[in-house]
Structure formats: structure tokens, C-alpha cells
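Me: I've got a model open and want a quick tour. Can you walk me through it?

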Amino acid sequence: MQQIKRTTVKTLLAEPDKFIGKEVDVKGWVRTRRGNKNVAFIALNDGTTIKNVQIVVDFSKMPEESLKDVTTGASLHVQGEAVASQGKGQSIEIQAAEIEVYGKADPAEYPLQKKGHSLEFLREIAHLRPRTNTFGAVLRIRHALAFAVHKFFNDKGFYYFHTPLITASDCEGAGAQFQVTTLPLDQLPLGEDGKPDYSKDFFGKMASLTVSGQLEGELGATALGCIYTFGPTFRAENSNTPRHLSEFWMIEPEMAFYEIEENMDLAEEFIKYCISYALENCRDDIEFLAEHFDKELVERLNFVINNDFVRLPYTEGVRILEESGKKFEFPVYWGVDLASEHERYLVEEHFKKPVILTDYPKEIKAFYMKLNDDGKTVRAMDVLFPKIGEIIGGSQREEDYGKLRQRMADQGLEGMDWYLDTRKFGSVPHSGFGLGFERLILFVTGMQNIRDVIPFPRYPNNCEF
């Protein structure tokens, strides 16, 4: 083939007038092939867009026999003239002059044929599912949202702060952590108490994969002012719900000198920015997913962008739920950790707006949250969305050394003097929140299961690929 600079399908379709009448070079995978005894039409996709470019092969110029390996899933290198398309739904197509098959795909074995496949089946072949229209769209949106996260915080003067994946502390106090060890599991060294002797382990103590970068993020905020973390986190909960993963990504900003109101302002601004960015930069992908999975998707995304979030104390929220007359599956009373059905009622039926629920009972929130003057509630904030329920959880952190130390003692937390030190040496009011990245993608794509918004999901009894 002659030396021509490759053009992506996205570029070709975005600027057709620039290419019509010129020789072009495209590469990609065959989505479909159809035709008759005179001509073949090949839909070629290179992953840069949900759309395909049509390759037209005239058998009077290129023998049909030369296309014997051009089947669904095969990878091709095509050169030819870009011409105005005669068909509907496309402005440009390529009259093929030369076709090189890079890689064959035996139709008898290739699992991604033109027929529809269930999402459950595609999870079994996660090494190939990015080639489908659905997962190509999801992964492009995932990329755009990741870029939007970094751009938002960078533009606001935040610093990207890398927190450890291996830790000796449990941020949430839940205990559902994956242990990291080099001790021989078939011959554990035991101490006098009969328990594993972690002094002989790699780190000299028990270590785990992190459930959150927040505590270390607070250390960064008390030096750099405003930071954010964005990395993988791990939870060993034996949960098989459509909203939980064992390995997922978290975005956790921490801000020195921010109190709870400023924290809520930032959370609302941030999530609206990310959704707006996706709508502006992934419109074709979002519309494809809306058409195939969730007809109300675009309307719901605009609903979040166009509404001010309601700010509601937990106590008032519980009163509204108790007086709603609605029969919930889980009971509602002051002191209960609200279920998704309760959160969605407040958003979807009562206020018809996103809600930021504040001032939760201290018993159902983490030790690091700042106590209110009533001694019963903490300055927590959860952002509640339609269809999702909680999408962001955050709080103003307790900056008082004595109060924080007492909360930690009450919960039996030890070995965290490093964390308490920030309250001894130049303590300041500070706040932060956490956003599960996959929860955000779930909302923006309209997918129903969180396993379908990460390339290789990890969950109980599944660690494939």
C-alpha cells in the first residue's frame, strides 16, 4: 500500500468536506458486511466513535475472492477514495482501492456476532466486550469523565495527591479489607496468643489494601490547602448487588479552611461540571445508550444540571418520610441509616430535585466527622440522585484534638497517632467528600449494573482476565 497518513473514523466523519475527493487510509475492525454479487458494504469501526464508516468494494475492480477473510471481527487496513455517501445516515464513505486483512476472525468461533448479546453474557467475555457498541460507548464516557475530574480540580487550583494503596489503617472502620501479606498461609507463624505473628510479615504489622485515601488526603490538605485523590480502592464485602464492586475508583477532595457549606457548594459544582462535560463531549455515545437502555437518560442528566440541590437536615428528611404515607420495604425512624428507597423518594417524588442530606446522627457516621453543638449529630453531607440514591458522601472533619481522640477511643481505633498529629500542630477547619467514580459513570451512562461500567469488574467469586 502507498504511504498515506492514517485518518481516524471520528475525524473522517466529523470533517467530511475536508476529505471528500481525496485518498484516505483507515484501519479498524469489521462490524458487519453485506452486499450482493456486484458490491460489498463493510461497516468499519476503529473505537474512536460509536459510528462506523462504510467501505464500498466494487467487485469489478477488486475480486470478491479477496474478501474471503473480511468477516465480522476481522481487523482491516483500507485505502481508497473518500466520496459523498449516497445512503442515509452518513455523509461520507470510502470506495476501496486496497484492503489488507491484519487479523482474521473465524465466524464459527467469534462470539460477537451481529445478533444482540445479554450484558450477563458479555461479562463472561470481558476481554472482548469493549469491541461492542455498548461498551465502546461506556468506556469513552469513562475516559471523558476521568479527564473532566482532573480538569475541574486543576482549574480550581487543587493538587493531585497520591495516597497509598497498601495501608495499616481502616478509614471506615468497617473491617471489610483485603489483607496484604507475604506470610506462608499454609504454615502461619503464630504468637503466644495463638494468633498470626505479623511482626514476621513483610511490613512488620498487619497491612491491607486501602478502602479510602481520605485520611492520608487530609494530611495533604493540611499542607497544600486543597488536594484531591483519584485512584483504586478495595472492599472485601461479600456483596453481589448491582451497586457494589470489590475494586473501584474513588475521587476524594480534601480542603483546608472549608466548612460544611463550602463543601456542599463544591460537591454540587463538581458533579454538575462532570455531567455537563460528558453531555458536551460524548453526545453520540450518550444518545446511543439512551436509545438502547434508558429512554429518560438525557432528560435525567439535564435534570441534575438545571436544578439547585435541596439542602435538607436528616431530621427533617426522616419527618418527611414518616409523614409520606408511603409503605417502604425498610422502616424509617430517627437514627436509622436511610436506604436507597428512602433517598430516592426524597429526590424523585417529594422534592423532584437532587438533595444534599446533612446533620446525620453520629452513631451511623464515621469517627472523623465533626460533632454539631447538639452532641447528637455530625456535620455530614450525602448527595442524593434520582435512580441512584447516595452518589457522594462527605463531611466537615473534626479538627478538635480532644474530641477526635475520644471518638477514636470509643470505637477502639489504635495506631493512628500520625492522624491525630494534624490536630496537634496547626489544626484548621477542613472538609472533604468522596465520589465513587463507577457510581458517577453508572448515572451518566444509564447502565443498570455497576459491573458494566468498569473494564474488568471484580466481585465475589470473580477475578477473571
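**Cysteines, cores and a pocket**

Reply: Start with Cys274: buried, at a relative accessible area of 0%. Buried means under 20% relative accessible area, exposed over 50%, partly exposed in between (1.4 Å probe, protein chains only). This is a predicted model, where local features need pLDDT of at least 70, side-chain atom pairs count only at pLDDT 80 or more, and totals for chains, interfaces and linings use all residues. Residues are numbered from 1 along each chain as its sequence is written, and side-chain values use heavy atoms, with hydrogens and water left out.

Me: How many disulfides does the structure hold?

Reply: Zero. A disulfide here is a pair of cysteine sulfur atoms within 2.5 Å.

Me: Why no bond for Cys274?

Reply: Its closest cysteine sulfur, in Cys282, is 12 Å away, which is too far for a bond. Cys282 is buried too, with a relative accessible area of 6%.

Me: Overall picture? What are the helix and strand counts?

Reply: The protein chain has 13 helices and 16 strands. Those are DSSP runs, numbered from the N terminus: helices are H or I with at least four residues, strands E with at least two. The C-alpha atoms fill a box of roughly 85 × 60 × 45 Å along the principal axes. Buried residues make up 51% of the 465 residues.

Me: Which residues touch the most other members in the largest nonpolar core?

Reply: Ile275, Ile286 and Phe385, out of 68 residues in that core. Helix H6 (residues 260-281) gives the largest share, eleven residues. A nonpolar core is a set of buried Ala, Val, Leu, Ile, Met, Phe, Trp, Tyr and Cys residues joined through side-chain atoms within 4.5 Å.

Me: What does Ile286 touch?

Reply: Leaving out residues up to four places away in sequence, Ile286 touches Ile141, Ala278, Leu279, Leu297, Val298, Leu301 and Val444. A contact means heavy atoms within 4.5 Å. There is also a second, separate core of 30 residues, including Leu338 and Phe367.

Me: Val444 sits in H13, right? Which residues of H13 are buried?

Reply: Phe437, Glu438, Arg439, Leu440, Ile441, Leu442, Phe443, Val444 and Thr445. That is nine of the nine residues in helix H13 (residues 437-445), so the helix is largely enclosed by the rest of the structure. Just after H13, Gly446 takes a positive phi of about 80°.

Me: Which non-glycines have a positive phi?

Reply: Phe257 is one of them, at about 75°. Phe257 lies in the loop between strand S11 (247-256) and H6, and counts as exposed at 57% relative accessibility. Asn461 is another, at about 65°. Asn461 is in the segment after H13 and is exposed at 84%.

Me: Switching to H9. What is buried there?

Reply: In helix H9 (residues 314-322), Tyr314, Gly317, Val318, Ile320 and Leu321 are buried. Down the axis of H9, they fall within an arc of 160°, so they line one face of the helix. The arc is that of the directions from the helix axis to the C-beta atoms. They pack against strand S12 (310-313), helix H10 (340-351) and strand S13 (355-361).

Me: Last one. Which residues line the second largest pocket closest to its centre?

Reply: Arg31, Thr32, Gln113, Lys114 and Asn133, of 30 lining residues. S1 supplies the largest share of the lining, six residues. A pocket, on a 1 Å grid over the protein atoms alone, is an open set of points where a 1.4 Å probe fits, with protein on both sides within 12 Å along at least five of seven lines; lining residues have an atom within 4 Å of a point.
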